[in-house]
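Subject: Structure handover

Hello,

Here is the structure I promised to pass on. Please open it and keep it beside you while you read.

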Amino acid sequence: MIEAKYNWKLLDQDDETIPSEVFENIQLDRSLIALLWSRGFTSQKAITDFLNAGAENIHDPMLMNDMSRGIERIRQAIVENQKITIYGDYDADGLTSTSIMFEVLSDMGADVETYIPNRFIDGYGPNVAAYQKLIDNGTNLIVTVDNGVSGNEAIEFAQSQGVDVVVTDHHELPETLPNAYAIIHPRYPGGNYPFGDLSGAGVAFKVASALTGELSEELLDLVAIGTIADLVSVTDENRALVSFGLKVLQQTLRPGLISLMEVAGLSQETVDEKDIGFGISPRLNAVGRLGDANIGVELLTSLDDERAQELANFVQSENVRRQKIVSDISELALNQAELESNKSKKTLVLFGEDWHEGVLGIVASRVVEATGKPTIVLNLDIKKGQAKGSGRSVSDFHLYNAINKHKEVTSHFGGHHMAVGLTLPTESLDQFGAVLENEANEQGLQLGNKSDKVITSVLNIDQLTLDFYKDIEKLKPFGMGNEKPVFEIDYKVMQNVKAIGKTGNHLKFELIGERERISGISFSNGKYVEDLQNASNKIKIIGEVEKNVWMNKTSLQLMIQDIKSEGTTIIDARTDHVTEDLFRNEGIYIFWNRKHYEQLERFASSKKIFKLANQIKNVTDFDKQKTIVFVDCPSSLEQLSTILRITDIDKVIAVFFKTDSAYLDGMPTREQFANLYKFVVSHKDVDINNQLIVLSDFLKIKKNLLIFMIKVFLEMEFVKIKDGLMTGQKVANKTSIEETTEYGLRNNRMLAEEKLIYSKENDMKKWILSQMNIED
């Protein structure tokens with residue numbers, strides 16, 4: 001069985017709640033209309049406006065709080081040739097915001113420079129020391145972008161020095177706002193701006209538009225990047241900004257962006273929001289995570305082709321370095337998460353020395369994904385006696401509230417429900433871990449709770465045509481608040497299942513319908529290749545439909561979001577020799593032969609439990625394992641059936657290793673029994689320990705078969721053996737050979753081998769499933 005990662009929630013597509021004229025008048029697949037209706041577009045006009053978002057969705061920038069006051073101060077600085085410093089942030093939204101503001105002020109003739117705080121020296125947002133440095137360098141006006149609303153201390157300091165600060169920001173507003181000259185924010189308390197989900201780049205663009213008195217279309221490529229990168233809602237105004245911005249990006253003449261798309265392997269003509277999210281923004285973020293992010297602003301604003309290419313190459317190398325660092329630390333962190341001391345915990349606090357602080361949020365996310373547990377990942381600085389890092393959570397645990405109640409344990413802390421950044425003394429690590437665990441209990445956190453995945457509809461694979469995909473594209477650009485639709489796919493046959501990628505970490509297969517044949521790709525699920533190849537029931541999948549162009553041929557493919565199967569997976573691993581590779585799976589390994597058990601017991605571990613079959617009494621003996629491996633072959637089908645009837649298992653791996661074969665040797669003929677009888681009654685004291693092979697050759701009976709026949713004669717008292725010497729006896733025994741226990745045991749062994757070792761794969765699997773009361 002493959003357990004789903006998400007809780008699948010099929011959208012209730014009750015057509016009766018949607019007026020029939022909506023379906024008649026809107027040229028869009030019914031399932032997609034129902035999806036938009038469920039997202040709050042509950043009229044024909046609302047859906048039409050959404051699909052045709054344009055310039056009318058871009059709101060008047062002057063409606064934003066303090067916009068008039070802020071741009072008047074900026075214009076004054078330009079007229080009076082005052083030095084303006086744009087104080088930005090080191091992520092992709094901050095870099096694009098800074099670049100937007102720098103370009104518009106430069107074009108207006110301002111004396112302007114930029115300052116991106118260093119993550120490791122300045123930290124996030126306004127900083128007194130950094131502001132002092134700027135003021136000492138002659139700055140007369142500071143304009144923040146993508147930060148500022150929480151910079152009370154630094155802003156108060158600047159204002160006290162006679163340097164005004166104009167804040168442009170979009171982050172959560174604190175209870176006490178800074179004493180800035182102006183605060184331009186779409187959600188300012190009591191403000192009148194109609195859309196509150198602008199990114200930092202979006203707010204900077206509104207300021208640029210207010211300063212110039214026009215829609216600065218040439219800046220929209222940067223707006224699109226910042227908006228997608230910052231994971232804000234792609235609805236309303238943002239939908240229009242991103243839609244226009246993507247068109248500008250596809251034709252941009254910015255040397256930096258052209259070079260960046262080139263090193264990322266993106267086609268400029270078709271670049272979309274997904275390319276921004278997975279190609280452009282991670283590279284821009286990488287420079288700030290690992291060092292000085294000012295390079296990012298230079299890259300975005302440079303007009304020099306050669307310099308832009310040089311910077312893009314550097315950004316690419318930093319991203320590769322970032323990926324390696326993340327991979328290395330993630331491996332260490334995941335190993336810590338698997339320690340016995342952490343297994344029973346609901347939360348994780350993981351730490352190590354020389355863990356790069358710039359990537360710990362990514363590492364924490366990976367651990368959460370792998371374990372389902374809220375996770376804090378910290379770098380230990382032994383000299384300073386402090387631990388600093390990031391945390392990520394799950395939807396059922398409010399991480400910010402949990403830590404905020406005990407913030408005295410930390411020396412610095414900030415964040416929100418799902419993510420935090422913090423610093424604490426190393427001696428407080430144990431206390432902090434206990435606090436987090438206690439809060440998990442207080443909030444009633446239950447491990448294993450899955451997040452929901454909304455499924456638009458169940459589609460037959462034959463419905464997945466290029467025309468249908470064109471309807472999906474009408475919903476673009478996708479993002480927060482307008483997620484790409486996910487479908488459950490009904491198909492006839494799954495075939496060509498294989499693991500792909502350098503390490504076989506990913507999964508690829510084909511789904512076959514009556515007319516259509518579509519490939520499916522599932523990342524990080526290569527481990528399920530055997531399960532899909534051997535599943536007893538049909539695999540259920542959900543995924544997104546994507547267009548694939550290869551060799552000028554366009555087709556559709558499925559990007560799989562989740563997989564699940566019911567029933568038990570039977571994997572045919574039958575072999576006549578055992579290697580170490582057999583023991584790669586976690587689970588319980590069952591042996592019938594004690595000699596095999598003792599020879600192979602060295603491969604056992606806490607995750608690979610070895611047991612003799614006679615030790616298995618009930619289902620609790622399986623120690624909650626989900627995989628059972630039958631290493632060798634039982635002596636009878638009933639022995640195996642007894643265990644199968646008490647299992648609660650997801651996967652059976654059938655090895656059934658055998659050193660000799662009763663089935664292949666067969667049963668002795670009556671003539672062979674007669675010849676042996678003639679021999680034993682005419683010979684005394686035959687040394688069978690040393691002369692068995694000679695006797696086997698003389699009677700022309702295989703050694704193993706001869707041993708069985710002697711055991712039968714012993715049971716029938718035709719022979720007696722003392723001190724290794726065998727002597728025949730004339731006994732009037734009326735018991736037939738077929739009625740002896742030894743004959744019955746061999747017959748059972750032959751039947752077991754026939755069914756389990758020498759049968760066709762499907763017949764063997766069907767028999768195992770039948771013993772588990774599972775229909776194939």
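Below is what was found in it, taken topic by topic.

Please note that this is a predicted model.

**The cores**

Start with the inside. In soluble globular proteins, nonpolar side chains tend to be buried together. The largest nonpolar core here has 67 residues. Which of its members touch the most others? They are Ile74, Ile84, Met101, Leu105, Ile280 and Leu284. Helix H8, residues 200-212, supplies the largest share of this core, with 8 residues. Another core lies apart from it and has 42 residues. Among them are Leu11, Phe23, Ile461 and Leu464.

Now pick out isoleucine 84. Setting aside neighbours within four places in sequence, isoleucine 84 is in contact with ten positions to look up: Ile74, Ala77, Ile78, Leu105, Ala110, Asp111, Val112, Glu113, Leu141 and Val143.

**Two helix pairs**

Two packed helices are described by the angle between their axes and the distance between the axes. Try this on helix H5, residues 92-107, and H8. Their axes come within 8 Å and cross at roughly 10°. Angles under 35 degrees count as roughly parallel, so H5 and H8 are roughly parallel to each other.

Which residues make the contact? From H5 come Asp93, Thr96, Ser97, Ile100, Met101, Val104 and Leu105. From H8 come Gly200, Ala201, Ala204, Phe205, Val207, Ala208, Leu211 and Thr212. Sorted by class, this contact has 10 nonpolar, 4 polar and 1 charged residues. Met101 and Leu105 may look familiar: both are listed among the core members that touch the most others.

Next, take helix H25, residues 688-699, and helix H26, residues 703-716. Here the axes come within 10 Å and cross at roughly 100°. The range from 65 to 115 degrees counts as roughly perpendicular, which makes H25 roughly perpendicular to H26. On the H25 side, the residues that meet H26 are Leu692, Leu695, Ser696 and Leu699. On the H26 side they are Lys703, Leu706, Ile707 and Ile710. By class, the contact divides into 6 nonpolar, 1 polar and 1 charged.

**Four single residues**

Is glutamate 510 buried or exposed? Glutamate 510 has a relative accessible area of 18%. Buried means under 20%, so glutamate 510 is buried. Look for glutamate 510 in strand S16, residues 506-512. A polar contact of 2.6 Å joins its side chain to that of asparagine 496. Not counting residues up to four places away in sequence, glutamate 510 touches Val493, Met494, Gln495, Asn496, Arg517, Ile518 and Ser519.

Alanine 370 sits in helix H16, residues 360-371. Alanine 370 counts as exposed, at 56% relative accessibility. Its C-alpha atom is 8.1 Å from that of leucine 334, although the two are 36 residues apart along the chain.

Asparagine 81 belongs to the loop between helix H4 (67-79) and strand S2 (83-87). Asparagine 81 is exposed too, with a relative accessible area of 54%. From asparagine 81 to asparagine 140 is 59 residues along the chain, and their C-alpha atoms are separated by 9.5 Å.

Last comes arginine 30, in helix H2, residues 30-38. Its relative accessible area is 45%, and arginine 30 is partly exposed. Arginine 30 and alanine 264 are 234 residues apart in sequence. In space they are 37 Å apart, C-alpha to C-alpha.

Best wishes

Key
Residues numbered from 1 in each chain as written. Predicted model: local features only at pLDDT ≥ 70, side-chain atom pairs only at ≥ 80, totals over all residues. Heavy atoms only, no water. Helix = DSSP H or I, 4+ residues; strand = E, 2+ residues; numbered from the N terminus. Buried < 20%, exposed > 50% of the residue type's maximum accessible area, 1.4 Å probe, protein only. Polar contact = N/O pair within 3.5 Å; in protein donor to acceptor, adjacent residues only side chain to side chain. Contact = heavy atoms within 4.5 Å. Core = buried A, V, L, I, M, F, W, Y, C linked by side-chain atoms within 4.5 Å. Axes fitted to C-alpha atoms, helices over the stretch in contact; angles between N-to-C directions. Parallel < 35°, antiparallel > 145°, perpendicular 65-115°, else oblique. Nonpolar A, V, L, I, M, F, W, Y, C, P; charged D, E, K, R; others polar.
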